[in-house]
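Here are a few exercises to work through with the structure open in your viewer. Try each task before you read its solution.

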Protein chains: 2
Amino acid sequence: MGIEEAKKAAAIAAADFIQNGMIVGLGTGSTANFFIEALADRVKSGLDLKGVVPSSKATQELAFRLNLPVQDINHVPRIDITVDGADEIDPLKRMIKGGGGALLREKILASNSKEMIVIVDETKIVQNLGAHKLPVEILFYGSPATRHKLETLGYRGRWRMTDEGAFFFTENANLILDIAFEAPPVYPEEDHEQISHVPGVIETGFFFNLAGRVIVGYQNGRVDIRQ
Amino acid sequence: MGIEEAKKAAAIAAADFIQNGMIVGLGTGSTANFFIEALADRVKSGLDLKGVVPSSKATQELAFRLNLPVQDINHVPRIDITVDGADEIDPLKRMIKGGGGALLREKILASNSKEMIVIVDETKIVQNLGAHKLPVEILFYGSPATRHKLETLGYRGRWRMTDEGAFFFTENANLILDIAFEAPPVYPEEDHEQISHVPGVIETGFFFNLAGRVIVGYQNGRVDIRQ
């Protein structure tokens, strides 16, 4: 057993919560992909979904390939449950997301769902957020000045690059600045506010008050469901 | 004399503040266009600008056509003065902007300039902001849900449309929701916060703490400069 199995166990447990007639939001990333596969298995076994709503092109393509009933977020009457992973989650269910670059659409999707179920492997559980990086989506226009302003506020980071060494652009045609904290932030909500107030910052990877049930998969195969 | 002359008088007065060697930010809209023309006249008379930085394609095209030394915001070392119009400005120099749809880039440009000079005709001076509409830039993805959330908070508006009846898209490929206030907001800063916190809201047309000198042009030809 390893981390992949831990992710998969959490994903399969989440799929068990999906019921007939639901419209399901689909996150982005490796753990979300395991959920999409588990959901497709349940559909093959007879689950009757009203629709699935993807948060990215990658997720949309996977859902299409697995014959899930893909719908556009702008054309659904509601979203019952969104299932998505997280880069970090703390005991207050505060999260950092955006490692996959889809933070903005993931946040819109989650905040418009009746419930967001978070699925993570045990390595994503942290005592304090900010051990890794905070992805921040930034408009390309003026991006050097926006970054400079964030540095003046004490937030230092690097532009996310592609494997080919070009700037990484989100599906909204923005850049991602991966901010590294020197020490874990004591009040992440305040950091979110400060960062968000800089013109040119589109969204931060902090997710507050969005997580409903949290399903943690362990490398020993166990799954823990936190209400 | 009419409103056009009032705008023009304010624009010409603003151009007089530009000095040799400056990098000048250019706003968007009819009053900003008068400034660009007045600036080009000064350049023809010998003013030696280091560069001009446009906030929109329309402004960029006008600046190119008038042979101004256009530069990209991402490649200038600083911006000395940005000159831009406003839809409304109150006695505390709080503004509403975005009638031209360029609010996001205008805000980035102004907030990265040493000074923003605001040029308006007298009809833009208000006692309380919110007499007209507040433009809010919103991501297309999830836009019906984002609008619904704003309505739940008491903010009602209409999607801006083109003359041809299609959705108006900003240069950042987002929509504009023009919010109509039932009564002028008592604490615009709080409205800005509430609206900005909704995921999917990219930026509001409220501009706080950005205006430096305000140049008001009157229909009788007079110009008033407020420090």
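Asn67(B) is found in the loop between H3 and E3 of chain B. Keep in mind that this is a predicted model.

**Exercise 1. Two unusual backbone angles**

Task: Find the sign of phi at Asn67(B), then decide whether Asn67(B) is buried or exposed.

Solution: Start with the backbone. Phi of Asn67(B) is positive, about 65°, although the residue is not a glycine. Next comes accessibility: exposed means over 50% relative accessible area. Asn67(B) has 66%, so it counts as exposed.

Now turn to chain A for a second case. Ala173(A) is another non-glycine residue with a positive phi, near 65°. Ala173(A) sits in the loop between strand E8 (156–159) and strand E9 (175–180) of chain A. Its relative accessibility is 47%, so Ala173(A) is classed as partly exposed.

**Exercise 2. A helix and its surroundings**

Task: Compare the span of helix H2 of chain B with the expected one, and list what covers its buried residues.

Solution: First, the span. H2(B) runs over residues 30–44, which makes 15 residues, and reaches 21 Å from its first C-alpha to its last, close to the 21 Å expected. Second, the buried side: among the buried residues are Phe34(B), Phe35(B), Ile36(B) and Leu39(B). Third, the cover, which includes helices H1 (3–15) and H3 (57–65) and strands E1 (23–26), E2 (51–54), E3 (79–84) and E6 (113–121) of chain B. Finally, look just past the helix: Gly46(B) takes a positive phi of about 115°.

**Exercise 3. An open sheet**

Task: Work out the strand order of the four-stranded open sheet in chain B, and find which strands are at its edges.

Solution: Trace the pairings across the sheet. The order is E8-E9-E7-E10 of chain B, and the pairing is antiparallel. The edges are E8 (156–159) and E10 (201–204) of chain B, since each pairs on one side only. From one strand to the next, the twist averages 30°.

Zoom in on one pair: E8(B) and E9(B) (residues 175–180) are joined over four bridges. There, Gly157(B) has Ile179(B) in E9(B) as its bridge partner. Two helices pack on the sheet. H4(B) (residues 103–111) touches E7, E9 and E10 of chain B, and its direction makes about 65° with that of E10(B). H5(B) (residues 143–152) touches E7, E8, E9 and E10 of chain B, at about 155° to the direction of E8(B).

**Exercise 4. Salt bridges**

Task: Which residue forms a salt bridge with Asp80(A), and how far apart in sequence are the parts that the pair ties together?

Solution: The partner is Lys114(A), with the closest N and O atoms 3.1 Å apart. Asp80(A) lies in strand E3 and Lys114(A) in strand E6 of chain A, so the pair ties together parts that are 34 residues apart in sequence. Then check each end: Asp80(A) is buried at 10% relative accessible area, whereas Lys114(A) is exposed at 61%.

For practice, try Glu115(A) and Arg213(A), whose side chains meet at 2.6 Å, N to O. This pair links strand E6 to strand E12 (residues 211–217) of chain A, 98 residues apart. Both Glu115(A) and Arg213(A) are buried.

**Exercise 5. The interface**

Task: How many salt bridges cross the interface of chain A and chain B?

Solution: The structure holds 30 salt bridges over all chains, but zero are found across this interface. The contact takes 27 residues from each of chain A and chain B. The area buried between chain A and chain B is about 2,300 Å², with 58% from carbon and sulfur atoms.

Methods. Residues are numbered from 1 along each chain as its sequence is written. Chains are lettered from A and ligands numbered from 1 in the order in which they are written. This is a predicted model: local features need pLDDT of at least 70, side-chain atom pairs count only at pLDDT 80 or more; totals for chains, interfaces and linings use all residues. Side-chain values use heavy atoms; hydrogens and water are left out. The expected span of a helix is 1.5 Å times one less than its number of residues. Buried means under 20% relative accessible area, exposed over 50%, partly exposed in between (1.4 Å probe, protein chains only). Contact means heavy atoms within 4.5 Å. Two strands pair if DSSP finds at least two bridges between them. Axes are lines fitted to C-alpha atoms, for helices over the stretch in contact, and angles run from 0 to 180 degrees between N-to-C directions. Buried area is the accessible area (1.4 Å probe) that two parts lose on being put together, summed over both. A salt bridge is a side-chain nitrogen of Lys or Arg within 4 Å of a carboxyl oxygen of Asp or Glu.
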